[in-house]
Amino acid sequence: MSMAAIMTGEQWALIDPKHFRDVMGSYPTGVCVVTAQGEQGERWGLAVGSFTSISLDPPLVGFLPDKRSRSWERMAETGRFCVNVLGADQLATCQRFASRHEDKFEGISHGTSPGGLPLLDDVLAWIECDIERTVELGDHLLVVGAVRAMQRMTGDSPLIFYRGGYHMLAGIDGTLT
């Protein structure tokens, strides 16, 4: 098991990866499926919980795929991607795109974005991007996308990942928002 070291005063403390994951799981994240399409019409996608807005001017977004991701390796070659923000009722879609299924789009209803990228049906929002840059950071990559088109769709409640499980967004009073 690998352990990361951090500096605490004059000493180095080892951080167990399991403990790191447990502590970081205290921060909820939304869930997206990032899609791309090759020149011959081949489609790829992967589920991510690391999507974020980076800059308003210029409009930039980012996500962090695992460096070993076979899907991302193929997607990166296209030079662009589409982020599909999943709703709370799209857990099965998330699970499909998080799997190693050969054709992740099999049985998944979808169309295309204005730029011709796979756009999943019934998502809360989509963001179409050109790859601005990719930076290697530890065991992941930071993929920065320059936003070319985007749209908020219908739907209220996003799919949330928190402490190792999927959840729906609830308001302070417990009602779904």
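**Pockets and a sheet in a predicted model**

Five elements, namely α1 (17–24), β5 (43–48), α2 (70–76), α3 (91–98) and β13, each contribute at least two residues to the lining of the largest pocket. The structure described here is a predicted model. Among the contributing elements, β5 provides the largest share of this lining, with six residues.

The largest pocket has a volume of about 1,900 Å³. Its lining consists of 49 residues, and those closest to the centre of the pocket are Arg21, Gly49, Leu64, Asp66 and His140. When the lining of the largest pocket is sorted by class, 22 residues are nonpolar, 13 are polar and 14 are charged.

The second largest pocket encloses about 150 Å³ of space. Its lining is formed by Phe51, Ser53, Ser55, Leu56, Pro59, Leu60, Val61, Ile127, Val147 and Met150. Two or more of these lining residues come from each of the strands β6 (52–55), β7 (60–63) and β12 (140–152). By class, eight residues in the lining of the second largest pocket are nonpolar and two are polar, while none is charged.

Strand β13, which helps to line the largest pocket, also belongs to a sheet. This open sheet has three strands in the order β3-β13-β14, and their pairing is antiparallel. The strands at its edges, β3 (29–30) and β14 (165–168), each pair on one side only. Between β3 and β13 (residues 159–162), two bridges make up the antiparallel pairing. In one part of this contact, glycine 30 has isoleucine 160 of β13 as its bridge partner.

Terms used. Residues numbered from 1 in each chain as written. Predicted model: local features only at pLDDT ≥ 70, side-chain atom pairs only at ≥ 80, totals over all residues. Heavy atoms only, no water. Pairing = 2+ DSSP bridges. Helix = DSSP H or I, 4+ residues; strand = E, 2+ residues; numbered from the N terminus. 1 Å grid on protein atoms, 1.4 Å probe; cavity = no way out; pocket = protein on both sides within 12 Å on 5 of 7 lines; lining within 4 Å. Points joined across faces, edges and corners; volume = space filled by probe spheres on them. Nonpolar A, V, L, I, M, F, W, Y, C, P; charged D, E, K, R; others polar.
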